[in-house]
Amino acid sequence: MRKKYPVEIITHSKQLVFIPADLPNSKDIRRVAFGNKLLDVTVAPHPKRRNVIVLSNDVQKELSMPDLSIPLHVFIDQQTLFIGPLIGILTSGFTPYPLRPIGERSMFFAKLLSVNKSVGALPFVFGEEHIDWEQGLIDGYFFVEGGWKKIKVPFPNVVYDRLPNRKTERKSELRSLKARMQTDYLIPWYNPGFFSKLDVFERLQQDDRAVEYLPETHQFSSFSVIERMLSNYGNVYVKPANGSLGLGIHQILFDKHNGYYYCRYRDQQGVNKLTKFDSLEKLMKKVFYKRNLSQMIVQQGISLLRSDKRLIDFRVHTNKDEYGQWQLAAIAAKIAGQGSVTTHVNNGGIVKSLDELFEDQEERESCEKKLTEAALILSTILEKNMEGIIGEIGFDLGIDKSGKVWLFEANSKPGRSIFKHPKLKNFDLLTRKLSLSFGIFLAEKAITAPEELFQ
């Protein structure tokens, strides 16, 4: 089991490091490392047999290590004591305002960084503009004692990718930054890239274990595909292949009795609409006349569980932990707003805990078990079939009236609106802890078994 140790700084000028009394395999240590900084030092057991790491202040200065009184992990490899890990969280959208350096997302990052002591890591936030490639240093934003503080630190042991959108991710400077850090500095990079909805389904279809959770899904190709699916399922969803927040989702229904086609959607003014047409062609021309249909996907409609006649689906978060294992991190129900095509909160949806949704304990436990099992299986398969190192996934899952679980979407950078619910605060804390804990696992791998990460 890994251990964390307090780090203390003493005034001394002979590059001295005292190591914890109970640290195994410590006799041959000749160097100390923090981030990508490495320094030859004089190492000795702690003179009072205390389980702390003590650095002379000249070592701290050479390593550019902040003195923040946070217990940190240590790893030993090739006569080197690695202290950390130092986790760089890459994002964009920085402002000149010291109280809100990352604009409206400052609070999200403050909460993420606030779990540093319980996790045993030093996380900081940075952007492309904060890197000094010549000196190998970054002006990192740390959240210290309730406020933001800019501190120069070495390049991190790992990078956690929190770029906010696809447009930012595609910028050449950021793509170059990622390639340079991974190739030249061998820094593991986790949660890269946003998933494409269609790509996720195509990758999952390669594994028989996933197939049972997948509704029929296609890239839009012709009206005849929609007609066939409407004949089979009664309703379909047409949505952007790379959309988010439920924007641009349309439900098309066909009433076999009267021959009419209906479309439920949210217009550009945010009003929920239900329109009627006597042909699919008229519907498509009227509703989708400004949309690029080649960028849309068509998905089988499902007869989902309902609450007061409103659709229910479930947001399930999974994270990898400090041992590289998938864990269920959060689970909540989302109930659609009146007349809404989706369950998103920004469209009138409400969030409930499973306790609130199911009065019957047996029904609740059955639902929780099914959703957990599906999410963990799908996480394992996606990790295997998608590029890059994946550390967290947000699933939108549904349960139909027969009790079968269906996957609607998987998000590599899931939103956190469900955690505003007072009964989900523990889930919120757990997802933040696990997001950084996985960085500890990757840092250790990069130090002791880099060939497993950089094949």
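Me: What makes up the accessible surface of the protein chain?
Reply: That surface comes to about 21800 Å², and 47% of it belongs to carbon and sulfur atoms. Accessible areas come from the Shrake-Rupley method with a 1.4 Å probe, and for residues only the protein chains shown count as cover. This is a predicted model, in which local features need pLDDT of at least 70 and side-chain atom pairs count only at pLDDT 80 or more, whereas totals for chains, interfaces and linings use all residues. Residues are numbered from 1 along each chain as its sequence is written, and side-chain values use heavy atoms, with hydrogens and water left out.

Me: Why is Tyr 237 called buried?
Reply: Tyr 237 has a relative accessible area of 15%, and buried means under 20% (exposed is over 50%, partly exposed lies in between; 1.4 Å probe, protein chains only). Tyr 237 is therefore buried. Of the 455 residues of the protein chain, 53% count as buried.

Me: Where does Tyr 237 lie, and what joins its side chain to that of Gln 251?
Reply: Tyr 237 belongs to strand E18 (residues 235-240). Strands (E, at least two residues) and helices (H or I, at least four) are DSSP runs, numbered from the N terminus. The side chains of Tyr 237 and Gln 251 share a polar contact of 3.4 Å. A polar contact is a pair of N or O atoms within 3.5 Å; within protein, one must be able to donate a hydrogen and the other to accept it, and residues adjacent in sequence count only if both atoms are side-chain atoms. The value of 3.4 Å therefore meets the limit of 3.5 Å.

Me: How do you know that E19 and E20 pair?
Reply: Strand E19 (residues 250-254) is joined to E20 by 4 bridges, and the two run antiparallel. Two strands pair if DSSP finds at least two bridges between them, so E19 and E20 qualify. Phe 254 stands opposite Tyr 261 in E20. The two strands form a hairpin with 6 residues between them, where Gly 259 in the turn has a positive phi of about 75 degrees.

Me: What makes E20 and E21 a pair?
Reply: Strand E21 (residues 272-277) and E20 share 6 bridges in the antiparallel sense. Arg 264 faces Leu 274 in E21. This hairpin has 5 residues between its strands, and Gly 270 in the turn has a positive phi of about 85 degrees.

Me: Which side chains of strand E20 point to the buried face?
Reply: Along E20 (residues 261-266), Tyr 261, Cys 263 and Tyr 265 point to one face and are buried, while Tyr 262, Arg 264 and Arg 266 point to the other and are not. In a regular strand the side chains alternate between the two faces of the sheet.
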